[in-house]
Amino acid sequence: MISNRQILLAHTPTDKLALQHFQLCDAEMPSPQDGEVRLKVRYLSLDAASRAWMQGATYRAAVVAGAVMSGAALAEVEESRAAGFSAGDLVFADTGWQTYAVLPAKALIRLPKVEPITHLLSVYGIAGLTAYFGLLRIAAPRAGETVVVSAAAGSVGSIVGQIAKIKGCQVIGIAGGREKCAWLVDALGFDQAVDYKAGGTFEALKAAAPKGIDVYFDNVGGDMFEACLAQMRLGGRIACCGAISAYDGPPPSTGPRGVPGLIVVKRLTVKGFIVSDFYAERDAAIAELATWVREQKLKVFEDVIDGLEQAPRALIGLLAGDNRGKRMVKVA
Ligand SMILES: NC(=O)c1ccc[n+]([C@@H]2O[C@H](COP(=O)([O-])OP(=O)(O)OC[C@H]3O[C@@H](n4cnc5c(N)ncnc54)[C@H](OP(=O)(O)O)[C@@H]3O)[C@@H](O)[C@H]2O)c1
């Protein structure tokens, strides 16, 4: 009999996430009731935010010890007892880290047929949409402006920088390591890149943007937010997308300096958002992203790891900066 392979969050981490926080197990194959479908998970989305969910409730419930590790996936309907869904349909859903999941039809987002299907998790998924809405709706850069993005070689950051180039901006990416920084410029077309692991981030940013920063797309928070805040131009905009520097460990003892003083003096707009705030515009955004991909103005980088069992290692690696572009786990 086929069982349902699952990865549980066995213990809630209080410091760095490690393999011993997870547990692999086999459960009974779930059966759908009326109004539900059984999904076969194809690709799990690996997301930095899933480490933040272990710290407590955010825009979604906390991930608790003993439960199947939370996470979204690209999945295929295997058996349907819900009107409107049939076997073979592709959906985006919060399946958790397991090979099969039973969910009510209202929890599914129907996906179009696209080749390769992995693009449904990268450029046409959360990563691409977060970059698109966060940059264009929250920060609204104008041609000629200087845009800085942190975690620039990651799934969201790599797309933010490319869209900013499409819009005619000067783009500076911040990433960890010389190789990643060279890749941002050579492969993705960023104008400049700053290696925060080399130290002296504030000075390196000043050299890269001597007239200051118009838009900062913040994926990191902490020191990087502080370094950019101090160099914002009058009337600049900061799109607060995430704070990965604060996810994997105990809460930081100090916050960024300059808040709110510099926000007042420089008349800055600092605005947070969650990608789902813009889901009413999702189809139009995907259509525009698809045009840029087709015209080869937007390059898609995917980092696919094989096997559900590898998911814990893949998430720990993502938090440490192993990935370039969108990291996902192929399950089936
Ligand atoms: N608001 C929303 O709706 C929304 C939606 C999706 C994602 N997000 C946010 O977007 C950000 C990126 O998430 P993702 O899942 O797409 O991951 P990702 O960018 O693909 O990968 C995370 C990257 O962050 C960098 N990083 C890790 N720790 C860091 C630190 N202490 N300081 C600076 N950089 C660090 C690493 O690259 P380096 O090698 O460069 O360190 C790593 O590759 C996160 O903040 C996430 O919460 C927000």
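## Confidence of the model

Within the chain, confidence reaches its lowest mean, 94, in strand 7 (residues 109-110), while its highest, 99, belongs to strand 8 (residues 146-150). The structure is a predicted model, and across the chain the average pLDDT is 97, with 100% of the residues scoring at least 70.

## Surroundings of the ligand

The ligand is surrounded by 29 residues, and the closest of them are S155, K180, Y196, Y247 and N323. When the residues of this shell are sorted by character, 17 are nonpolar, ten are polar and two are charged. Several helices take part in the shell, for helix 2 (126-139), helix 3 (155-166) and helix 9 (311-320) each contribute at least two residues to it.

Polar atoms of the ligand can be followed to particular residues. One of the closest residues, Y196, has an N or O atom in its side chain that is 2.4 Å from an oxygen atom of the ligand. The backbone also takes part: a polar backbone atom of C241 is 3.0 Å from a nitrogen atom of the ligand, and an oxygen atom of the ligand lies 2.8 Å from a backbone N or O atom of V275. As for the ligand's surface, the ligand taken alone exposes 910 Å², of which the protein buries 92%.

## Enclosed elements

Strand 1 (residues 4-9) has five of its six residues buried, and it is therefore largely enclosed by the rest of the structure. Strand 1 is joined by six bridges to strand 2 (residues 22-27), and the two strands run antiparallel. Within this pairing, L8 has Q23 of strand 2 as its bridge partner.

Helix 6 (residues 222-229) is also described by burial: six of its eight residues are buried, so the helix is largely enclosed by the rest of the structure. The buried residues of helix 6 are M224, F225, E226, A227, C228 and L229, a list in which the charged residue E226 stands beside F225 and A227.

## Cis peptide bonds

Two peptide bonds that lead into a proline deserve a look. E115 and P116 are joined by a cis peptide bond whose omega is about -10°, and P116 is located in the loop between strand 7 and helix 2. This loop thus begins after the strand with the lowest mean confidence in the chain, and it leads to a helix that supplies at least two residues of the shell around the ligand.

Another cis peptide bond, with omega of about 5°, joins V259 and P260. Here the proline, P260, has its place in the loop between strand 12 (232-240) and helix 7 (261-265).

## Positive phi angles outside glycine

R267 is not a glycine, yet its phi is positive, at about 50°. This residue is found in the loop that lies between helix 7 and strand 13 (269-272). With a relative accessible area of 58%, R267 is exposed, because a residue counts as exposed when that value is over 50%.

Q296, also a residue other than glycine, has a positive phi near 60°. The loop that holds Q296 runs between helix 8 (282-294) and strand 14 (302-306). The relative accessible area of Q296 is 67%, so this residue is exposed.

Notes: Residues are numbered from 1 along each chain as its sequence is written. This is a predicted model: local features need pLDDT of at least 70, side-chain atom pairs count only at pLDDT 80 or more; totals for chains, interfaces and linings use all residues. Side-chain values use heavy atoms; hydrogens and water are left out. pLDDT is the predictor's confidence in each residue, from 0 to 100. Helices (H or I, at least four residues) and strands (E, at least two) are DSSP runs, numbered from the N terminus. A residue is near a molecule or strand if one of its heavy atoms lies within 4 Å of it. A polar contact is a pair of N or O atoms within 3.5 Å; within protein, one must be able to donate a hydrogen and the other to accept it, and residues adjacent in sequence count only if both atoms are side-chain atoms. Accessible areas come from the Shrake-Rupley method with a 1.4 Å probe; for residues, only the protein chains shown count as cover. Buried means under 20% relative accessible area, exposed over 50%, partly exposed in between (1.4 Å probe, protein chains only). Two strands pair if DSSP finds at least two bridges between them.
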